[in-house]
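Morning, everyone. Please have a look at the model on the screen, and then I'll take you through it.

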Amino acid sequence: MRSVLGAVLAAGACLAQAAEPARVDSLLAIYRELVDTDTMQPAGDTTAAARAMAKHLLDAGFDARDVEVIEPYPRRGNLVARLRGTGELRPLLLLAHLDVVPARKEDWSDGLDPAKLTERDGYFYGRGTLDDKAMGAIFVANLARMKREGLRPRRDVILALTADEEAGDHNGVAWLLAHRRGAIDAELALNEGGNGTWRDGVPFIHGVQVAEKVYQSYRLEASSPGGHSSLPERDNAIYDLARALDRVAALEFPARLSEATRRYFAAIGATEAGALMPALSSISRGEASVDELRAASTIPRFNAQLRTTCVATRLEGGEADNALPSRARAVVNCRLLPGEEPRFVQSELQRAAGERVKVTAMNEAHPSPPADLGAPAMRTIERISRAMWPDVPVVPLMSAGATDGAELRNAGIAVYGVSGIFLERGENRMHGRDERVPVKAFLEGAEYLDRLVRELAAGR
Ligand SMILES: [Zn+2]
């Protein structure tokens, strides 16, 4: 492993510090142990992973009372650890989830086992190598080193490695906020959700997640009297629902830009080749024509940044092949822009669906306030990024999906999704086959997060 790493490290001047072999070895040992520990949903065991990571911190000299494995439910344990500072400033929280989505060996390429870390051709392969065990292992290795150095920053640095982010009913962040708020309470937090992007191996954008859309599902339900299918009536729940869904499909919420999405479109507009480039730039300036907005909206990833979206995801209806239906139902899943009113979305859906279909909310949406782009933490994120990757712009991102960051944001903690890990443009194997992270990107991410945590913890 060393020879590949040696070559990689020699190639990057900014990695001079990371080139210290012992440091790389201990990081990789922790990473391997974490990836090799089975935490796949639903049978995996995050308690085992939490215990394994706790041991590295205790070995580094953490006081036992500052390293806690909290297991509110069997096999759904969380690790919470605290590097004590002077207490001058409120804590910094480092969050990563331990659980990963399932993967089967037979679905992966030959010679790769999702349950084992494999290094091949400059990549680390394995389930969780990217989502989210890279950040988890990096946080543990970096904190252990800070402890060994006797670092005593101006804020406490809290590490939370948690359960059930991907699935399951025992979400570690939600449980900790509800039952052990004091253990993870912080002024700001670093989490997954941000990555840099390479174009042919050259960094060109560093994405930092500062906002998340909000998950909200609605049930659409139609009913009719039923009866024998040999005597059809005009009143039919399935037809009513089908017509309503047709109108819902055509429903488009207004485009609304925030400071974050404006900056996102400005950066993407400057790098996007082809016909869309001018459209994205005018969107970022708030000067887009109807046609330009239309063009950008045809690309799902841009459309999701522009507006609240709703889409039908489930459909059921009728009771028997030879009976008129008495009921038909659909689920429409919406992703609300931060600040969008769930009731407004519901009333728009109801208006489109018409009076023969009833629209009800299936969950209570939790608003997710974006992080402040003008906050000192954002400047620190940018400053360290510039030092490592000069000329690569830091681009604020709004996730169209959701991470545990939303829970923290709702609890009043400013969350920045930032990893310093770069991936080739268009490559995203999270949750997919042959999940991987480039060795070089992983080591640079470790270096970036080390510098960032030290600076933020020092209040700089
Ligand atoms: Zn994740």
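**The disulfide**

Let's start with sulfur: Cys310 and Cys334 are joined by a disulfide, S to S 2.1 Å. Keep in mind that this is a predicted model. The count of disulfides comes to one. Its link is right-handed, with 110 degrees about the S-S bond. What does the pair tie together? Cys310 sits in strand 12, residues 309-317, and Cys334 sits in strand 14, residues 327-336, so the link ties parts that are 24 residues apart in sequence. Are these two cysteines buried or exposed? Both Cys310 and Cys334 are buried.

**The zinc site**

Next, the metal. Which residues coordinate the zinc ion? His97 gives NE2, Asp131 gives an OD atom, and Glu192 appears twice, each time through OE. The distances run from 1.9 to 2.7 Å. Along the chain, the donors follow the spacing H-x33-D-x60-E. The pair of His97 and Glu192 links distant parts of the chain, 95 residues apart. His97 belongs to strand 3, residues 92-97. Glu192 is in the loop between strand 7 (188-191) and strand 8 (196-199).

Now the geometry. The angles among the four donor atoms go from 52 to 150 degrees. A tetrahedral call needs all angles between 85 and 135 degrees. The site of the zinc ion is classed as irregular.

And burial? His97 has 3% relative accessibility, so it counts as buried. Glu192 has 9%, and therefore counts as buried too. The cut-off there is under 20%.

**The second largest cavity**

Stay with Glu192, because that residue also lines a cavity: the second largest cavity has Glu192 in its lining. Its neighbours in that lining include Gly193, Gly194 and Asn195. Leu130, Asp132 and Met135 are also among the lining residues, as are Ser419, Ile421 and Met430. The volume is about 70 Å³. By class, the lining has four nonpolar, four polar and two charged residues. How many cavities of 30 Å³ or more are there in the model? The count is four.

**The two largest pockets**

On to the open spaces. The largest pocket has a volume of about 1,100 Å³. Its lining is made of 35 residues. Which ones lie nearest the centre? They are Gly193, Asn195, Arg301, Leu397 and Asn428. Gly193 and Asn195 also line the second largest cavity.

Several elements give two or more residues to the lining of the largest pocket. On the strand side, these are strand 8, strand 9 (202-212), strand 16 (394-399) and strand 18 (422-424). The helices are helix 8 (259-271) and helix 11 (300-306). By class, the lining has 11 nonpolar, 15 polar and nine charged residues.

The second largest pocket holds about 560 Å³ of space. It is lined by 19 residues. Nearest its centre lie Tyr215, Ala402, Thr403, Ala406 and Glu407. Strand 10 (214-223) and helix 14 (405-410) are the elements that give two or more residues to this lining. Which of them gives the largest share? Helix 14 does, with three residues. By class, the lining of this pocket has five nonpolar, six polar and eight charged residues.

**To recap**

One disulfide ties strand 12 to strand 14. One zinc ion has an irregular site. Glu192 coordinates the zinc ion, and Glu192 also lines the second largest cavity. That's the tour.

Definitions and conventions
Residues are numbered from 1 along each chain as its sequence is written. This is a predicted model: local features need pLDDT of at least 70, side-chain atom pairs count only at pLDDT 80 or more; totals for chains, interfaces and linings use all residues. Side-chain values use heavy atoms; hydrogens and water are left out. Donors are N, O and S atoms within 2.8 Å of the metal (3.2 Å for Na, K and Ca); water is not among the atoms, so sites may look incomplete. Four donors count as tetrahedral if all angles lie between 85 and 135 degrees; four count as square planar and six as octahedral if opposite donors are over 155 degrees apart and all others between 65 and 115; anything else is irregular. Helices (H or I, at least four residues) and strands (E, at least two) are DSSP runs, numbered from the N terminus. Buried means under 20% relative accessible area, exposed over 50%, partly exposed in between (1.4 Å probe, protein chains only). On a 1 Å grid over the protein atoms alone, a cavity is a set of points where a 1.4 Å probe fits but cannot get out, and a pocket is an open set with protein on both sides within 12 Å along at least five of seven lines; lining residues have an atom within 4 Å of a point. Grid points are joined across faces, edges and corners, and a volume is the space filled by probe spheres set on the points. Ala, Val, Leu, Ile, Met, Phe, Trp, Tyr, Cys and Pro count as nonpolar, Asp, Glu, Lys and Arg as charged, and the others, Gly among them, as polar. A disulfide is a pair of cysteine sulfur atoms within 2.5 Å.
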